[in-house]
Amino acid sequence: MEPRAVPSPPIPLYGRSVTTTAPTLRARIYALLRYSDPTPAARQVRVVHLIVLAIGLFAVILLSVDELEGQVRQILRVIIWTVTFIFLVEYLTRLWVAPETPRYDQDSPTRARLRWAVSIQGLIGLLAVLPAFMFAGGYAITGADAASVFCVLWILKVGLHAPAFSTLARVVSNERAPIASVLILFAILLMIAATAAHMFERVKQPEQFGSLPGAMWWAVVTLTTTGYGDVVPLTLGGRLIGSLLMISGIAVLALMTGVLATGFAQEERRREYLRVWEQVARVPLFASLGVVTLSEIVGKLRTRYYPPRITVVRRGDAGDSMFFISSGEVEVRLPNGGSVRLGEGAFFGEMALLERQPRSATVSTTRPTTLLVLYASDFYETASHIPKLAEAVENEAKRRREENLERQAAGRR
Ligand code: CMP
């Protein structure tokens with residue numbers, strides 16, 4: 001049977017009208033080039049970008065090997081120029097879409113482009129495409145110069161756009177107080193150990209421990225548990241200090257690891273929260289909730305991205321979550337053989353949670369789809385706190401159940 005397209009379920013919007021304007025080409029390209037954009041298309045752009053970068057780096061690194069034959073070198077040069085021209089196109093595109101950057105939204109397009117061009121991202125992007133201009137000027141890339149300079153610039157270029165860079169900066173900024181405490185502890189231990197080792201060892205090893213900086217080098221190597229073995233304490237006192245320092249080093253490193261790991265986990269939770277906020281606006285069911293209620297539910301939702309033709313829930317499986325469609329479309333294959341399509345703003349997977357029964361149908365994506373997932377325990381808690389939401393979900397589940405029964409009855413006739 002031909003699947004029937006069904007719009008979002010009839011959920012009241014309580015008088016609100018939702019108006020959306022189609023994004024311009026420039027805005028769409030800006031979104032595609034944003035490293036933090038979660039859509040599948042943007043992800044594909046990132047993968048292609050990274051593949052181009054990997055090929056370019058491979059060629060640049062290989063070119064620095066002196067033993068290569070002339071023909072191989074020629075091929076490598078062609079690869080480097082090709083990669084550089086791709087980066088040049090990317091640079092010009094980023095320059096063109098710069099007015100879409102939120103922090104330049106008060107500027108005219110020209111000023112926004114100028115500001116982007118002189119930002120660190122813009123300058124590194126420009127330096128990374130310099131070989132293209134050199135090539136145009138008749139300059140032939142040789143081995144070592146290209147390898148040493150462009151490896152650094154290309155990696156920096158990608159690193160500056162990658163969310164990992166901004167995440168690290170945010171984590172360091174958020175956790176600056178505990179990081180400073182650990183560093184101060186590190187400095188205290190270092191100074192005590194270096195001074196003590198200097199006192200114990202300076203007579204026996206004046207070259208290594210005769211000065212405080214020399215003793216500090218040994219303390220740093222020991223405290224960080226690196227242990228080159230170039231400087232070793234020989235006296236009983238020096239060895240005792242060394243042992244204590246090694247044990248303290250493990251504790252200090254563990255402390256720093258803990259601070260950074262917690263910071264990264266918190267930052268990831270915060271980002272997921274913001275991602276969900278962006279998506280939630282597209283689900284009419286949430287549009288009528290107040291900010292406080294909404295922020296409560298946003299904390300419980302998780303975003304999931306599915307390519308086309310992926311089964312999200314399978315008939316007969318146990319249900320542990322329900323889903324809201326923030327973008328894309330799914331097809332529900334009903335028990336009687338028919339099917340229904342659900343689009344942006346609709347939800348599914350609620351029946352198994354409400355009836356505490358296995359999944360009543362198989363649901364698969366028909367195109368790239370973003371879902372907001374609400375796990376069962378959070379669903380029951382939310383339903384008890386937000387009766388308006390529970391009622392809308394229950395009414396829709398009831399309507400679906402009746403529709404399925406009718407269809408089954410019609411099938412039997
Ligand atoms: P659940 O039973 O948990 O898993 C399958 C889901 O398909 C089900 O919840 C509903 O959300 C959805 N579903 C079942 N029947 C229909 C229907 N007739 N129309 C739309 N969606 C349906």
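**Exercise 1.** Which of the 14 residues around the ligand come nearest?

*Solution.* First, some ground rules: this is a predicted model, where local features need pLDDT of at least 70, side-chain atom pairs count only at pLDDT 80 or more, and totals for chains, interfaces and linings use all residues. Residues are numbered from 1 along each chain as its sequence is written, and side-chain values use heavy atoms, with hydrogens and water left out.

Step 1: collect the shell, meaning residues with a heavy atom within 4 Å of the ligand. Step 2: pick out the nearest, and you get G349, E350, R359, S360 and N404. Step 3: sort the shell by class, which gives seven nonpolar, three polar and four charged residues.

**Exercise 2.** Find polar contacts of the ligand (pairs of N or O atoms within 3.5 Å).

*Solution.* Start with the backbone: an N or O atom of G349 sits 2.8 Å from a ligand oxygen, and a polar backbone atom of M351 is 3.4 Å from a ligand oxygen. Then try side chains: R400 has an N or O atom 3.1 Å from an oxygen of the ligand. Finally, check the cover: on its own the ligand has 460 Å² of accessible area (Shrake-Rupley, 1.4 Å probe), and the protein covers 99% of that.

**Exercise 3.** Explore the largest nonpolar core (buried Ala, Val, Leu, Ile, Met, Phe, Trp, Tyr and Cys joined through side-chain atoms within 4.5 Å; buried is under 20% relative accessible area, with a 1.4 Å probe and protein chains only).

*Solution.* Among its 22 residues, V280, L285, F286, L301, M322 and F324 touch the most other members. Now zoom in on L301: its contacts (heavy atoms within 4.5 Å) include V276, V280, F286 and F324. Apart from this core lies another, of 20 residues, including V52 and F87.

Technical notes. Buried < 20%, exposed > 50% of the residue type's maximum accessible area, 1.4 Å probe, protein only. Polar contact = N/O pair within 3.5 Å; in protein donor to acceptor, adjacent residues only side chain to side chain. Nonpolar A, V, L, I, M, F, W, Y, C, P; charged D, E, K, R; others polar. Lists of a residue's contacts leave out its neighbours within four places in sequence.
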